[in-house]
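Student: I am new to this structure and would like to know how its labels are earned. Please show it to me first.
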Amino acid sequence: MKFTLYMPTKVFYGKGCVKEQAKEFKSFGNKVLIVTGKSSGEKSGALKDVKDVLTSLSINYWIFDKVENNPSLETVFKGSLLARENSVTLIIAIGGGSPLDAAKAIAALSTNNIEPVELLTTSIKIPSLPIIAIPTTAGTGSEVTPYSILTAKQFRTKKNFYSPYSFPTITFLDYQYTCSLPNQVTIDTAFDAFSHLLESYLSIKSTPQSNIYAIEGLKAFSKCLFAISNKNFTNEIRDQLLYASYMGGLAITLTGTTIIHAMGYSLTYYKELSHGHANTLFIGEYLRFNKQTVEEKINKVLTILKFYSITELETYLLKHVGEKPDTSQEEINKFATLAMTQGSVKNNPTSVKESDIIKIYQKVLLR
Ligand code: NAP
Ligand code: ZN
């Protein structure tokens, strides 16, 4: 056996954990930048809890609430200027994957004298500012991963950077912050978490430990399938979804993702599909493509989820996400070339050529 394990994020999980663990905010100096989306901080209630805690500890804070969905290099650069101007010593990220990923980039740009695009082209040399991450969606698991996925016009796609310095130092996971999510965002993000669990479990990089996280997360996700169908998101279901998402984050920290994520990025960049929606469209064909290589594992996933076949699972998933976008063969060729530039392609259980990716895109988008 051979593996490495580095998952340094300190986790507080449970209802009310931010206020209960207020003392944890004390060890990072008294100047903080809060990075959040336009409305998620407020709507979730997390921003109020954090502001209350900081005020009670006499910690000064600035708020950068300009993070858009699928954050751009331009946005994270603006955030880093605010961090530098005020000499902050801690970033608190509140929101879905977009603000959490933006915070990782802002934290790195605040200490490293590099151009934003260099986040994606060089390795980070100087430790980033510490990050406290508070997710308000249950999907990306970004609160425990070292990954930050950014929209880069230079590359006409989304690209990720990761560094050992980009793991949040602390995360607070409280399902109450996800209760304000609209139903469709809840479902898209839940399916993103499922995709992480599935891709990690089937990845050539999967390890006995990553499989423990993947299976644990799949079991939690399986408890939510009926609620997703009925759009009946009780507190218990929100808690299970958050837990599944967190397990997905731990799992992909060890393995990365595979071709689903590599293929989904273009549908987000060019067709403006949400990250979870984009990924979900490919899950059925991804499973068929990999069936021969990892049949036993696929059967185990189907058993946990209580589906008889890949088709039954695919039908369930597609029923709950939006339509596939209109796409031409020419666009598919371009998307396939871009997908092949993503490192995650190499983690796929069955080795993949560009022509395979084209075929999967065709089956999913043209049929
Ligand atoms: P998101 O882009 O962060 O948020 C989607 C929408 O949900 C936004 O409009 C957001 O509003 C809203 N929202 C968030 N929390 C809310 C709440 N509690 N109540 C009401 N509205 C809320 O979505 P996401 O799926 O969590 O993150 C997607 C991003 O994460 C993508 O860029 C993806 O590539 C990345 N990702 C990262 C990793 C990783 O390991 N780092 C893994 C997978 C995906 P606001 O605009 O107000 O925030
Ligand atoms: Zn994802």
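Tutor: Start with burial: a residue is buried under 20% relative accessible area, exposed over 50%, and partly exposed in between, using a 1.4 Å probe and protein chains only. This is a predicted model, in which local features need pLDDT of at least 70 and side-chain atom pairs count only at pLDDT 80 or more, while totals for chains, interfaces and linings use all residues. Residues are numbered from 1 along each chain as its sequence is written, chains are lettered from A and ligands numbered from 1 in the order in which they are written, and side-chain values use heavy atoms, with hydrogens and water left out.

Student: Is Asp 356 called buried or exposed, and why?
Tutor: Asp 356 has 12% relative accessibility. The limit for buried is under 20%, so Asp 356 counts as buried.

Student: Why is Lys 353 called exposed?
Tutor: Its relative accessibility is 53%, and exposed means over 50%.

Student: What makes Lys 353 and Asp 356 a salt bridge?
Tutor: A salt bridge is a side-chain nitrogen of Lys or Arg within 4 Å of a carboxyl oxygen of Asp or Glu. The closest N and O atoms of Lys 353 and Asp 356 are 3.9 Å apart, so the pair meets the definition.

Student: Which residue forms a salt bridge with Glu 285?
Tutor: Arg 288 does, with N to O at 2.9 Å. Both lie in helix α11 (residues 275-290), three residues apart, which means a separation of about one helical turn. Glu 285 is buried at 12%, whereas Arg 288, at 31%, is partly exposed.

Student: What does Arg 288 tie together through Glu 314?
Tutor: Arg 288 is in helix α11 and Glu 314 in helix α13 (residues 310-320), so their salt bridge joins parts 26 residues apart in sequence. Their closest N and O atoms are 2.7 Å apart. Glu 314 counts as buried because its relative accessibility is 15%.

Student: How many salt bridges are there in the whole structure?
Tutor: A search finds ten. Lys 19, Lys 48 and Asp 52 are linked in a network of them.

Student: What makes the link between Thr 137 and ligand 1 a polar contact?
Tutor: A polar contact is a pair of N or O atoms within 3.5 Å; within protein, one must be able to donate a hydrogen and the other to accept it, and residues adjacent in sequence count only if both atoms are side-chain atoms. A polar side-chain atom of Thr 137 lies 2.7 Å from an oxygen atom of ligand 1, so the distance is inside the limit. For Thr 145, a polar side-chain atom is 2.9 Å from a ligand 1 oxygen atom.

Terms used: Helices (H or I, at least four residues) and strands (E, at least two) are DSSP runs, numbered from the N terminus.
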